[in-house]
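Let's take a walk through this structure together. Have the model open beside you, and turn it as we go.

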Amino acid sequence: MKLQKKQGGKKKRKRRSKMVSTAEEKAVCSASQGGSMAQGLIEVERKFVPGPETEKRLQELGGTLEHRVIFRDNYYDTPELSLMRADHWLRQRENSGWELKCPGPAGVSGLHTEYRELKAESAIVAQLCGVLGVEVLGAGDVTAVLGPLRLQEVASFVTNRSTWKLVLSRADKEEPPLVVDLDTADFGYAVGEIEALVQEKAEVPAALEKIDRLSSMLGVLAQERAPAKLIMYLQRFRPQDYHLLEVHSSREKPQGTKDADKSLG
């Protein structure tokens, strides 16, 4: 396998690395099999800190428990955290394969940000090489390029997840349900996530309104912040890496702005 540094006069686009996952909403566009974003669903979600009564409250609101599952996530990056500092997040989930979350197109405003989820390995490899500034010949799977791209495991933890579904408007049988994931990582950190799937960007504001309504019903404060599991893992077990991201985020972030949400569940 040959690696070549990209040549040319193109200026590198400056990507803002957002440090801390907050309780603000974000829209995540899923590009299945590396296709265009228009072909995927838009995932709108909000993270929050669950309490001991959260599941009981979901039951009272008419929610149904879909399943409980345990899985391990392994995150990869270069020693310098080149991917995370470019707002790219490479994960291998047990029994689910590889996934790369990367920034969506510009132009998204408000309290949410937009990401693409790449799951096709060929698309992931192409995106990784683009971010890291190399050309890879004859590579079609992620595992094969870990060494050449200097990608190493930076975090690994097990999550115990319970997934709930809830329809706010019981009178509307056609309304798609909201999904609530309640996660507890094996290092003792718990975080919840309310998710809605829509087909078009025009539907995002209504999805945000529903998520806000359910958040209020669950007792979540309007400005509550909930860091993602990966960020908490780095803060606790790899403080040097956490500090590196924090310093980079503060340099890239305009004065007076807040840290943006991170879709790393």
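What you're looking at is a predicted model, and we'll start with its aromatic rings. How many aromatic pairs does the count come to? With ring centres required to lie within 6.5 Å of each other, the count comes to seven aromatic pairs. One of these is formed by Phe187 and Tyr233, an edge-to-face pair with 5.7 Å centre to centre and 75° between the planes. This pair links distant parts of the chain: Phe187 sits in the loop between β10 and β11 (190-198), Tyr233 belongs to helix α6 (residues 229-237), and 46 residues separate them.

Are these two residues buried or exposed? The cut-off for buried is under 20% relative accessible area. Phe187 has 13% relative accessibility, so this residue counts as buried. Tyr233 has a relative accessible area of 16%, so Tyr233 is buried as well.

Phe187 has another ring partner, Phe237. Their ring centres are 5.7 Å apart and their planes meet at 85°, so this pair is edge-to-face. Here, too, the link joins distant parts of the chain, from Phe187 in the loop between β10 and β11 to Phe237 in helix α6, 50 residues apart. Phe237 is partly exposed, though, because its relative accessible area is 46%. Step back a little and you'll find a cluster: ring pairs link Tyr75, Phe157, Phe187, Tyr233 and Phe237.

Tyr75 makes a handy bridge to our next stop, the strands. Strand β4 (residues 64-77) pairs with β9 in the antiparallel sense, over 13 bridges. Within β9, Tyr75 has Ala155 as its bridge partner, while Arg72 has Val158. Now look at the pairing of β4 with strand β5 (residues 89-93), which is antiparallel and runs over four bridges. Which residue is the bridge partner of Tyr75 in β5? That partner is Arg91. So, to put the Tyr75 picture together, this residue has a bridge partner in β9, Ala155, a bridge partner in β5, Arg91, and a place in the ring cluster.

Let's stay with β9 for a moment. Besides its pairing with β4, β9 pairs with strand β10 (residues 178-185), again in the antiparallel sense, over eight bridges. If you'd like one contact to look for, try Lys165, whose bridge partner in β10 is Val179. Why can we say that β9 is largely enclosed by the rest of the structure? Because eleven of the 15 residues in this strand (residues 152-166) are buried.

Next, swing over to helix α3 (residues 121-132). It has twelve residues and reaches 16 Å from its first C-alpha to its last, close to the 16 Å expected at 1.5 Å a residue. Its buried residues are Ala123, Ile124, Val125, Gln127, Leu128, Cys129, Val131 and Leu132. Right after α3 comes Gly133, with a positive phi near 75°.

Cys129 leads us to a last topic, the cysteines. How many disulfides does the count come to? With a cut-off of 2.5 Å between cysteine sulfur atoms, the count is zero disulfides. Cys129 has a relative accessible area of 6%, so this cysteine is buried. Cys102 is at 0% relative accessibility, so Cys102 counts as buried too.

Key: Residues are numbered from 1 along each chain as its sequence is written. This is a predicted model: local features need pLDDT of at least 70, side-chain atom pairs count only at pLDDT 80 or more; totals for chains, interfaces and linings use all residues. Side-chain values use heavy atoms; hydrogens and water are left out. Buried means under 20% relative accessible area, exposed over 50%, partly exposed in between (1.4 Å probe, protein chains only). Helices (H or I, at least four residues) and strands (E, at least two) are DSSP runs, numbered from the N terminus. Two strands pair if DSSP finds at least two bridges between them. The expected span of a helix is 1.5 Å times one less than its number of residues. Rings of Phe, Tyr and Trp (its six-membered ring) pair if their centres lie within 6.5 Å; planes under 30 degrees apart count as stacked, over 60 as edge-to-face and the rest as tilted.
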